[in-house]
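Reader: I should like a close look at one part of this model, followed by an account of how that part sits within the whole. Please proceed from the single residue outwards.

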Amino acid sequence: MKEQFVMPAKLRTISIVLLAIGILALIIGIFALNGPVSGTRFWIVLFFNAIFFLFMTLGALIVLCAATLAQGSWHIAYRRVIEAIFMAMPVFAIIAFIIMMCLVWGDKSAIYAWADKSLVAHSKLLQKKSAFLNPTFYTILAVIMLGLWTYFGYHIRKLSLKEDLSTAGTTKIFWKTYRVAAIFVAFYYVSNAVSTWQWIMSIDVNWYSTLFMWYIWASLFVSSIAVITLFVILLRNLGYLEWITYEHLHDMGKFMFAFSIFWMYLWFAQYLLIWYGNIPEETTYFTIRAWGSYHTLFYINLIINFCAPFLILMTRDSKRNYTIVAYMAILVFIGHYLDFYLKFMPGPLKNNWHIGWYEIGITLGFIGLMILVVTRNLSKAPLFLKNHPYMKEAIIHQS
Amino acid sequence: MSLRYESTIREPLINGTKDFHQVTEDIVRPIEGKPGTLWYVGLYISVAMLLFGVFAVFWEVYWGIGVWGVNKTVDWAWAITNFVWWVGIGHAGTLISAILLLFRQGWRTGVNRAAEAMTIFAVMCAGQFPIWHVGRVWDVFFIFPYPNTRGPVWPNFNSPLLWDVFAVGTYFTVSVLFWYAGLIPDLATLRDRAKTKLRKFLYGYFSFGWTGNVKSWQRIEALFLVLAALATPLVLSVHSVVSMDFATSVIPGWHTTIFPPYFVAGAIFSGFAMVQTLLIVTRKVLHLEEYITLGHIEAMNKVIMLTGSLVAMAYCSEFFVAWYSGDFGEGGQFWWRVDGPYWWAWWCLITCNVICPQMFWFKKLRRNIAFTFYMSIIINIGMWFERFVIIVLSLYHDWIPSSWTYFSPTWADMGFYIGTFGLFFTCYFLFSKYLPVIAIHEIKHVLRVSGESYKQNMKSIETQPLPEFVERVSREEHISTGVGALR
């Protein structure tokens, strides 16, 4: 069993090149994207990517904690991969925090209408909401939530590494991890609502939906599973994790399949009720997305995130096919990237949206950063858990 | 599979030293023996309640809906509350049998049969309410869309009430199929053991001539998987559609997008509570403590805690958005719930559904049988009040202040509700006497891995160093099929 991951030079080069592209796009963006519309584009693209990639790493922690609480053993075979992903959280949390502070304190952007004092002065509704939507409260909550998410990640990782060094057959750390995971899930559960309301729902400040928090959760859960799958397959291709078999691959395929359907369920529940109720305050959200200039993206979103996984991942054979699962993971990742795009852009940019050099450049930069940080984390610890009580179950796991 | 192994950190699912024969003996004992006095007493009380319900319904059909407490403002009250409540209870069974099967949760084997039976009975009870609520019950078949002689008269396909007919109907059908398919091998076991001719004939007839050969097992296992795949979306869809009865309208307190998943979470919450209520009694009376262990009860309490917290978060979300939206009607509605004439119903709901389940954070309480039993009843009271709060408390305070009113149930409302309890428990008593309350063949399936006495064998595997273990299993062809082929 290969214990230590060594980052291949080629992968390193690729990730650094991607990161460089991102930084280049950012620098050009600073100079080229000014003015009311372009300035907004500059910030919203940065913000959207920061949140999306932050949520991917956070999602990995949620997957791990959920599986821990359910006493699952399927994920233990590649738990170090999951750990490496959520240990990238501090990097993305800092980036997201800097951008968020620029959005609410610097008055450069038109992303949060409620952060603009002159707009609030003229709107009764915004004044009413200002108890929840104001820069100070936003900052405090962001510090608490980002801080605690990162802390829990660190804590669980620390326990996991400690378990490797403890004597065989010990279960103390197992139960401790279990308790920490329970507390994290409870905290995440509340912070999920608060963060989605304050960070994302408030972009379309007049719009509201009670389901929104869970809808975001479904999206980040399924795309995190896609990211985990991609890294597992990557490592497998590089000759590591030789105990991972079709059985494990099959499970990852199942999860992508199941949660793609779950995502669609929540999407549809929200859409149907708003369409049926036909209340103007609520329908504005979909008017621009489904009937405005986002029309095409709106339908592509549904095809990629539901139709494709549903039809392609339905059979057993496809979930046990390396190529299909790998491509589906990429597709699901892109799909939810698009889904997030549709949540962020229409509010501030209206019909002036782009998918151009800047968007692609920034995204590639974030992807490069993700690969770089995650692979670095992977090389910091053994690839298997030496003393985990479920490790052997995980190895003989049958899907 | 050549290696039977499960981590010793997992609690055994079957306690004591058992072999296959002993499992059969333990589970069929109540069926083959004579029922005790308690069973008769319970059955008679249930039948009496059922008869009272029949009388209440007769009264309602004879005199009309006016005998109920509904009025001009609150035109939906107890009947729909009870309908939603019973449908909700009917969610645990299919969740256990379908979703937990797909998630490979071994502990489902101890509780699935009884939970599925409970599901079916609960849905039967739920179905009564819309049927008798139509008033002219002789025209109830109008709800089914079929080419008819009434001219172009069709049900309204845009109405969630019609979707309900399909959703609940499909759910009931699939649940019955699932339950029955699982029963077939066990009925055959009963047939093979039967001493009297009548028993042999009946169990033989209903086991469809099951022989237990490999081909049959292969087919029935495949059938379980297909039915599980069909039933999984149904667990979500039924209560989602039920929630749309309310959420598609524009009544404050009803129109909110979180309703579908929140109703589903609430349904699972109450369903598991009902499973606890029934199984805690069943395991005691039928001496099945070794099969429905403390581990099972704890696992279900965890599900209760999870779904209870989901529901609690949904309440928070509703309240938050009622304020955040700045909508006058919505905000007023929610404040009226807390502080209006029916404040006690709302507080009852919060106490039972939000505060109480949080006690299950403590392992000691999760594994305390008396406490669990008590909590399971509290939760179902809370879930009843949840539906009552949503339905009646949203209606009695409507748009026109002059029509604000209060709702009080009549004896006919209560009689109908009590009658469904009678129906439910009558069915359950008969079930527990004539059918195995635990799936015998499924217990046998997990016995060799999760039985307490078999777990001793795992010790030697557990102490083996990891690389050696990998070496061993790859020799036994666990891993070799995967290596290389993946690249």
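Reader: In which helix of chain B is B:Ala229 found, and is B:Ala229 buried or exposed, or in between? Please then set this residue in the context of both chains.

Author: The model is a predicted one, and all that follows should be read accordingly.

B:Ala229 is found in helix α8 of chain B, which runs over residues 214–247. With a relative accessible area of 45%, B:Ala229 is partly exposed, because that class covers values between the limit for buried, under 20%, and the limit for exposed, over 50%. A residue remote in sequence comes into view here: B:Ala98 is 131 residues away from B:Ala229 along the chain, yet the C-alpha atoms of the two are separated by 7.1 Å.

The helix that holds B:Ala229 also holds B:Ser243, which has its place in α8 of chain B. B:Ser243 is buried, its relative accessible area being 0%. Leaving aside residues up to four places away in sequence, B:Ser243 touches B:Phe259, B:Pro260 and B:Phe263. Helix α8 of chain B thus includes a partly exposed residue, B:Ala229, and a buried one, B:Ser243.

From the helix one may pass to the chain. Chain B has 18 helices and 0 strands. Its radius of gyration is 25 Å, close to the 23 Å that the globule rule gives for 487 residues, so chain B is as compact as a globular protein of that length. Along the principal axes, the C-alpha trace of chain B spans about 80 × 60 × 50 Å. Of the 487 residues in chain B, 57% are buried. The pairing of B:Ala229 with B:Ala98, 131 residues apart, may be read beside a figure for the whole chain: of the contacts in chain B with a separation of 6 or more, 82% are between residues 24 or more positions apart. The accessible surface of chain B comes to about 20700 Å², and 69% of this belongs to carbon and sulfur atoms. As for charge, chain B carries 36 positive and 32 negative charges, whose mean positions are 9 Å apart.

Chain B meets chain A through a contact that takes 62 residues from chain B and 66 residues from chain A. The area buried between the two chains is about 5400 Å², and carbon and sulfur atoms give 71% of it. On the side of chain A, the residues A:Thr210, A:Leu273 and A:Lys392 supply 14% of the area that chain A buries against chain B, more than any other three residues.

The partner chain may be described in the corresponding terms. The secondary structure of chain A comes to 17 helices and 0 strands. The radius of gyration of chain A is 21 Å, close to the 21 Å given by the globule rule for 399 residues, so chain A is as compact as a globular protein of that length. Its C-alpha atoms fill a box of roughly 65 × 40 × 40 Å along the principal axes. Buried residues make up 64% of the 399 residues in chain A, and residues 24 or more positions apart account for 84% of its contacts with a separation of 6 or more. Chain A exposes about 14600 Å², with carbon and sulfur atoms supplying 70%. It has 29 positive and 16 negative side chains, and the centres of these two sets lie 6 Å apart.

Within chain A, helix α3 deserves a separate remark. Here 8 of the 8 residues are buried, so α3 of chain A is largely enclosed by the rest of the structure. Among these buried residues are A:Arg79, A:Arg80 and A:Glu83, together with A:Val81 and A:Phe86. The buried residues of α3 pack against α2, α4, α7, α8, α9 and α16 of chain A.

Two backbone positions in chain A complete the picture. Most residues other than glycine have a negative phi. A:Gln71 is not a glycine, yet it has a positive phi of about 55°. A:Gln71 is found in the loop between α2 and α3 of chain A and is buried, with a relative accessible area of 17%. A:Lys350, likewise not a glycine, has a positive phi of about 50°. A:Lys350 lies in the loop between α15 and α16 of chain A and, at 47% relative accessibility, counts as partly exposed.

Conventions
Residues are numbered from 1 along each chain as its sequence is written. Chains are lettered from A and ligands numbered from 1 in the order in which they are written. Side-chain values use heavy atoms; hydrogens and water are left out. Helices (H or I, at least four residues) and strands (E, at least two) are DSSP runs, numbered from the N terminus. The radius of gyration is taken over C-alpha atoms; the globule rule is 2.2 Å times the number of residues to the power 0.38. Buried means under 20% relative accessible area, exposed over 50%, partly exposed in between (1.4 Å probe, protein chains only). Contact means heavy atoms within 4.5 Å. Accessible areas come from the Shrake-Rupley method with a 1.4 Å probe; for residues, only the protein chains shown count as cover. Lys and Arg count as positive and Asp and Glu as negative; His and the chain ends are not counted. The place of a charge is taken as NZ of Lys, CZ of Arg, CG of Asp or CD of Glu. Buried area is the accessible area (1.4 Å probe) that two parts lose on being put together, summed over both.
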